[in-house]
Amino acid sequence: MNTKVAARICREYIPDLVYDLIGEIYKACEGPDVKGKKVLLKPNILIDADPEKCISTHPVVVEAMARYLMNEGATVLIGDSPALHRNSFRGEKSGIADVCRRLGAEWADFNKKTVDISLRKGRIKMASVVNDVDLIISLPKLKTHELVYLTCAVKNTLGLVPGFHKAKQHAIHYDRERFAEFLVDLNEAVMPDFFLIDGIMGMEGPGPGQGMPVMTGVILGSTNPAAVDIIASLITGYDPMDIPTTAVAVRRGLWLKDTSDIIYDGPAPEIIKKKDFKKIPVTGNENIALKFIKKRIPLLRKFDKRPVFLHGNCTGCIECISICSSNALTMHKSVKNHVILKDSRCIRCFCCAEVCRYHAVEIRRKIFGI
Ligand code: SF4
Ligand code: SF4
């Protein structure tokens with residue numbers, strides 16, 4: 001597989017500059033010919049939020065990529081499906097709906113029609129548009145992620161699974177390693193044809209929904225999800241093999257055998273590395289005996305990182321309760337805006353923290369009620 005990755009420094013969302021850099025990156029990585037093709041652009045719209053919050057792919061990047069493809073002769077559709085996908089969802093707040101209107105690009109509603117796709121193990125529902133287009137171009141945002149540390153190319157493919165079908169996967173693949181295996185399986189089944197990471201402004205700290213915007217100053221592209229994620233890891237200060245999705249892909253020898261296989265075009269990663277980037281600490285694989293004991297001794301489980309609800313910030317929107325596939329959350333019957341966690345049911349997928357727009361869910365150790 002093509003192992004070319006290109007990176008360009010870019011510190012502002014200036015439409016013409018972003019357009020030119022995307023063109024350079026696409027050519028350097030030998031992106032597929034799009035002339036006469038129907039192309040689905042899949043940004044990361046985790047929650048429909050203001051682009052300033054850096055939760056979603058910036059509309060300037062989405063528009064520049066779409067314009068580039070249209071100028072190369074493609075017909076462009078744009079779509080994504082947040083975990084809480086309402087039927088009217090169009091990406092209004094994140095500015096993607098405006099991009100569609102300006103360019104006359106069709107919005108693809110992933111919830112409208114689904115198809116069953118075979119994975120290594122079992123099957124999964126996916127937006128049927130994946131079978132209606134010739135090419136898929138994935139536009140991830142460079143962000144931290146409580147579960148897989150960094151969410152970039154491999155992780156963004158999960159957005160092709162519509163709405164609540166996504167959240168359910170956390171219950172099925174209930175720990176970091178299993179979830180990473182599943183994400184790689186998904187890319188094996190439906191591999192986007194090109195990945196362009198919006199890292200002009202990224203997210204650090206407790207991502208992907210509640211972290212802090214940070215200038216990472218870079219746009220990255222590749223046809224190879226593992227290769228581009230490796231460069232993104234280096235820029236954010238992670239050892240690439242600490243990112244579970246990358247470790248699984250390299251171990252399987254799927255898209256590259258070793259980090260040294262990457263053919264890189266851009267400034268040296270150590271030059272563009274964001275030195276003080278606030279990472280999610282890597283906890284590593286626990287020893288099997290400890291995992292076994294933790295499952296059986298509830299007291300030890302309490303020392304795990306888990307969702308902690310900040311009731312003072314809670315608006316009572318119940319989005320966390322709707323997304324929890326383990327039914328571990330309820331609203332207090334008499335105390336207003338007070339979410340209760342039934343810890344024994346919680347699988348630590350952290351979807352509740354992802355969807356909370358009010359900074360009312362922290363992921364941390366809670367000891368002695370604090
Ligand atoms: S914790 Fe957040 S998502 Fe849950 S009800 Fe409160 S504000 Fe809504
Ligand atoms: S409470 Fe939060 S972390 Fe626990 S299972 Fe539910 S959504 Fe996942």
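## Two domains

The domain assignment splits this chain into domain 1 (4-272) and domain 2 (291-364). Keep in mind as you look around that this is a predicted model. The C-alpha centres of domain 1 and domain 2 sit 27 Å apart. Where the two meet, 16 residues of domain 1 and 17 residues of domain 2 take part in the contact. On the domain 1 side, the touching residues break down into 11 nonpolar, 3 polar and 2 charged.

## The nonpolar core

How many residues make up the largest nonpolar core? It has 107 of them, and Met65, Ile78 and Cys352 touch the most other members. Helix H2 (residues 59-71) supplies the largest share of this core, with 8 residues. The core also draws on each of domain 1 (4-272) and domain 2 (291-364), taking at least three residues from each. As a general point, nonpolar side chains in soluble globular proteins tend to be buried together.

## Around helix H2

Met65 is a good place to start looking. Setting aside neighbours within four places in sequence, Met65 is in contact with Ile22, Leu41, Ile137, Leu139 and Leu196.

Ala64 is also part of helix H2. Is Ala64 buried or exposed? It has 26 other C-beta atoms within 10 Å, and 20 or more is the cut-off, so Ala64 counts as buried. Again leaving out neighbours within four places in sequence, the contacts of Ala64 are Pro15, Val18, Tyr19 and Ile22. Ile22 therefore turns up in the contact lists of both Met65 and Ala64. Leu196 is 132 residues away from Ala64 along the chain, yet their C-alpha atoms are separated by 11 Å.

## Strand S7 and its partners

Strand S7 covers residues 135-139, and 4 of its 5 residues are buried, leaving the strand mostly covered. Which strands pair with S7? One is strand S2 (residues 38-43), which runs parallel to S7 and pairs with it over 5 bridges. Within that pairing, Val39 has Leu135 of S7 as its bridge partner.

Strand S10 (residues 194-204) is also parallel to S7, and 2 bridges join them. Here Ile137 stands opposite Phe194 of S10. Ile137 is the residue to click on if you want to get back to helix H2, as it is one of the contacts of Met65.

## Helix H8

Helix H8 takes up residues 225-235, and 10 of its 11 residues are buried, so the rest of the structure largely encloses it. Among the buried ones are Pro225, Ala226, Ala227 and Val228, along with Ile230, Ile231 and Ile235. Asp229 and Ser233 belong to the buried set too. Just past the end of H8, Gly237 adopts a positive phi of about 85°.

## The two ligands

What surrounds ligand 1? Its shell holds 14 residues, and the closest are Cys314, Cys317, Cys320, Cys356 and Ala360. By class, that shell has 11 nonpolar, 2 polar and 1 charged residues.

Ligand 2 is likewise surrounded by 14 residues, with Cys324, Ala328, Cys346, Cys349 and Cys352 as the closest. The split here is 12 nonpolar, 1 polar and 1 charged. Cys352 links back to the nonpolar core, being among the members that touch the most others.

Technical notes
Residues are numbered from 1 along each chain as its sequence is written. Chains are lettered from A and ligands numbered from 1 in the order in which they are written. This is a predicted model: local features need pLDDT of at least 70, side-chain atom pairs count only at pLDDT 80 or more; totals for chains, interfaces and linings use all residues. A residue is near a molecule or strand if its C-beta atom, placed from the backbone, lies within 6 Å of it. Ala, Val, Leu, Ile, Met, Phe, Trp, Tyr, Cys and Pro count as nonpolar, Asp, Glu, Lys and Arg as charged, and the others, Gly among them, as polar. A residue is buried if 20 or more other C-beta atoms lie within 10 Å of its own, exposed if 12 or fewer, and partly exposed in between; C-beta atoms are placed from the backbone. Helices (H or I, at least four residues) and strands (E, at least two) are DSSP runs, numbered from the N terminus. Two strands pair if DSSP finds at least two bridges between them. A nonpolar core is a set of buried Ala, Val, Leu, Ile, Met, Phe, Trp, Tyr and Cys residues joined through C-beta atoms within 7 Å. Domain bounds come from an automatic or database domain assignment. Two residues are in contact if their C-beta atoms, placed from the backbone, lie within 7 Å.
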